[in-house]
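Hi everyone, thanks for coming. I'd like to spend a few minutes on protein and DNA contacts, so let's bring the structure up on the screen.

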Protein chains: 2
Amino acid sequence: MTNLTYAEENYLKAIYQLSEEGKKGVSTNDIAAEMKTKPASVSDMLRKLGEKEVIEYRKYYGVHITEEGKKFALRTIRKHHLWEVFLVDKLKFSWDEVNAVADELQHIKSKILIQRLDEYLGFPKFDPHGDPIPDEYGDVRARPRLPLNELSILDTGQIVAVKDNSSAFLKYLDKVGAYIGARIKVLEKVEFDGSIEIMVDNKKTLFMSKEVAANILIMQ
Amino acid sequence: MTNLTYAEENYLKAIYQLSEEGKKGVSTNDIAAEMKTKPASVSDMLRKLGEKEVIEYRKYYGVHITEEGKKFALRTIRKHHLWEVFLVDKLKFSWDEVNAVADELQHIKSKILIQRLDEYLGFPKFDPHGDPIPDEYGDVRARPRLPLNELSILDTGQIVAVKDNSSAFLKYLDKVGAYIGARIKVLEKVEFDGSIEIMVDNKKTLFMSKEVAANILIMQ
DNA sequence: GAATGGTTTTAGGGTTGTCTAAAAATATAT
DNA sequence: ATATATTTTTAGACAACCCTAAAACCATTC
């Protein structure tokens, strides 16, 4: 049975999360940014993770996580989220304080510990940020998805899918930067025509018609 | 402010505990046995801990922990014990399952986490094994001490001091292996003369008169 | 006061994970 | 399609730990 070090667990979790956002192969640079490390270090680690067959690694062509790798990543994510629930529900941490501590706690290896903790917390399905907690088998109870035009002002969420898969529509989304995985926030809704203004990834604002918004699915 | 790695924290905790037992300098071999590692690795680590001034290290002459080092060790011990209480009281672990998990949990760095955990557990003063938990400032609420002859059959404890400090008495204790720090268990009490039979360190049994037992102080 | 036995340290090497600097490969633009 | 820019990988080093084998040291004993 493959055993991963703390660092490997962290990398794998990051790779899984990045690949869930974009759905395509994940780049060395992205991983380096996410892990706050240098691309050279990432290359090194990718080689190791490739040898352990938790990722599929083709030099210069980014990374895909394997089924085995997903299991490991989801296990770490499950532990991270359960500890977050513990910190908020039991120890009265505020939701913005928990991430750093959970980053350490997520590596504790005892399986029975996590089972007991899960039970103690009442088998929670979502963490304090609303992210779903994978179950023991790595299954995730997905949050309901809403068309973007049904959100209210100041609502936030993440683009998880599109209804219209026409190439023209996807091309448009690509151009404006509204990719799958983007974090959005509704800044303005125009009553007259239903068009909205959103903030994408806390970086740039974007206007779109009601028709476009209706085809973008948001997970809150 | 000095920062210690996980391994350094583990060594320091072991050194502190060994030095509490024997009161003299701690030997490289003893540390290696305690840490389940090799003497050569210990030498390496002692050099590092010496540089960080948490121990006083004279080559070939064993080790003394410094005041600074004690603080670190007590902090780790406090965390270890608090997590043990959490595992037993909240997650329903049995007292013999907790040590391995607590060995991992004791390294989690967040100060506020430990404060909140302490509060959540009701500021416990003793861990599930009866060992006292150092407070935030490293102070330990000592357990009441009893003369060995006042224990009952099957009572357990640890030799923490002797009343009679005569060299003859200490020599005798040394010879029979009843050193400070030894774990004892009362196996038999003879009504007639008050003499008792005890198990020392789960290794060997020992008979002693009431007079001798009365001079040995036990912490339960 | 030398020889012996046990303990401790040094020397040298392996793994994990990080870095900088330079080389190699890919992507983009004219 | 070739030059340029960007991304990614390799090379070489370093720190933290651990190991084995050999050397150095200490404490006895004769």
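**Where the protein meets the DNA**

Let me start with a single contact: a polar backbone atom of K38(A) sits 3.3 Å from a phosphate oxygen of DNA strand C. Please keep in mind that this is a predicted model, and that every distance I quote is computed from it.

Staying with strand C, let's cross over to chain B. Y57(B) places a polar side-chain atom 2.5 Å from a phosphate oxygen of DNA strand C. K59(B) also reaches a phosphate oxygen of this strand, with a polar side-chain atom at 2.6 Å.

Which elements give two or more residues to the surface near DNA strand C? From chain A they are α1 (6-22) and α3, and from chain B they are α2 (28-35) and α3. The top contributor is α3(A), with 5 residues.

Now let's widen the view. There are 22 residues around DNA strand C, and the ones that come nearest are T5(A), T37(A), S43(B), Y57(B) and K59(B). So we meet Y57(B) and K59(B) again, now among the nearest residues.

And what part of the strand do they face? If we take the atoms of DNA strand C within 4 Å of the protein, sugar or phosphate holds 73% of them, and bases make up the rest. By class, the surface near DNA strand C splits into 10 nonpolar, 7 polar and 5 charged residues.

On to the other strand, D. Around DNA strand D we count 22 residues, with Y57(A), K59(A), T5(B), T37(B) and S41(B) coming nearest. Of the strand D atoms that come within 4 Å of the protein, 76% are accounted for by sugar and phosphate.

Here are three contacts on strand D, each from chain B:

- T37(B) has a polar side-chain atom 2.5 Å from a phosphate oxygen of DNA strand D.
- S41(B) brings a side-chain N or O atom to 2.5 Å from a phosphate oxygen of the strand.
- K38(B) uses a backbone N or O atom, which lies 3.2 Å from a phosphate oxygen of DNA strand D.

As for the elements, those giving two or more residues to the surface near DNA strand D are α2 (28-35) and α3 (39-51) in chain A, plus α1 (6-22) and α3 (39-51) in chain B. Here α3(B) supplies the largest share, 5 residues. The surface near strand D has 10 nonpolar, 7 polar and 5 charged residues.

That's my tour of the two strands. Thanks for listening!

Key. Residues numbered from 1 in each chain as written. Chains lettered and ligands numbered in written order. Predicted model: local features only at pLDDT ≥ 70, side-chain atom pairs only at ≥ 80, totals over all residues. Heavy atoms only, no water. Near = heavy atom within 4 Å. Polar contact = N/O pair within 3.5 Å; in protein donor to acceptor, adjacent residues only side chain to side chain. Helix = DSSP H or I, 4+ residues; strand = E, 2+ residues; numbered from the N terminus. Nonpolar A, V, L, I, M, F, W, Y, C, P; charged D, E, K, R; others polar.
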